[in-house]
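Trainee: Could we go through the labels on this one together? I'd like to hear the reasoning behind each.

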Amino acid sequence: MMNIAAWLMFDGSRYHGWQVQQFDATVQGTLEAALSRLCGHPITAHGCGRTDAGVHAERYCFNFRTSSSIPPDRLPYAANSLLPPDIAIKKAIYAPEDFDANLSCLKKEYTYRIYNSRIRDPFYTGRAYFYPHRLDISSMRVAAAHFVGTHDFAAVRSVGTETKTTIRTVHWLEIAEKEPFIEFKVCADGFLYNMARAIIGTLLYVSEGKIAPDDIPQLLDFKDRRQTGPTAPPDGLYMTRIWYNGEVGAMMES
């Protein structure tokens, strides 16, 4: 059985997240059905992480094992003919035997996109969070700097999955203005359940004057989810980069 790693892109608007569920359409379930049909045997796709319902991915990595003779460079063309228009495999390569898309991951970047305008654009419905109020970018940048580094992020974690530790390292949290969009890019060695969206919700509270920018360190120390901002809606969140060593890493950056 060969181990194949692939770069996946998807619009998560009509899916109940990545992970297979019994009654809801998911990205993993849809992908596995197409690959099983293509390869002629049951396929289990191992993703680089769980994404929530409505979350998107420009760069997502998964791996699977197959005895199929289809070469990896032909796999995207063959698989995409069986996948719906909102899911596509961009590239695929042979991966080392011990490669696992989740366990081998070094760090991930999510981008949160806000459509910041008084008038909504129906073409971005489901693909960006419509926020009609003026944002205090300078205050949010001061607050964002406090999230960077190694901290206990229990204060911005929703209950939903068990984890051995709530300590993570955030490598950067940048805010860019691309009118009419505001983009938040956060990179970490790993993310807790809803962590990225809870950080964005907290930054929006800072913009609204409900939390002072320099209160973030204290809020992180309190580890109380009730004292930070709300979980921002999923439709503005995209997985945009993911890092690995070796040839898989080179593929995901190409």
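**Rings, charges and cysteines**

Mentor: Sure. There are 11 aromatic pairs here. Keep in mind that this is a predicted model, where local features need pLDDT of at least 70, side-chain atom pairs count only at pLDDT 80 or more, and totals for chains, interfaces and linings use all residues. Residues are numbered from 1 along each chain as its sequence is written, and side-chain values use heavy atoms, with hydrogens and water left out.

Trainee: Why is Tyr-112 with Tyr-129 called an edge-to-face pair?

Mentor: Ring centres of Phe, Tyr and Trp (its six-membered ring) must lie within 6.5 Å; planes under 30 degrees apart are stacked, over 60 edge-to-face, the rest tilted. These two sit 6.5 Å centre to centre with 75 degrees between the planes, so edge-to-face it is.

Trainee: What makes Tyr-112 buried but Tyr-129 partly exposed?

Mentor: Buried means under 20% relative accessible area, exposed over 50%, partly exposed in between (1.4 Å probe, protein chains only). Tyr-112 has 1%, so it counts as buried; Tyr-129 has 22%, so it is partly exposed.

Trainee: How do you know that the charged end of Arg-113 sits over the ring of Tyr-238?

Mentor: The rule wants NZ of Lys or CZ of Arg within 6 Å of the ring centre and within 35 degrees of the ring normal. Arg-113 meets it, at 4.4 Å from the centre.

Trainee: Why is the disulfide count 0?

Mentor: A disulfide needs two cysteine sulfur atoms within 2.5 Å. For Cys-61, the nearest cysteine sulfur, that of Cys-48, is 6.2 Å away, so Cys-61 is in no disulfide.
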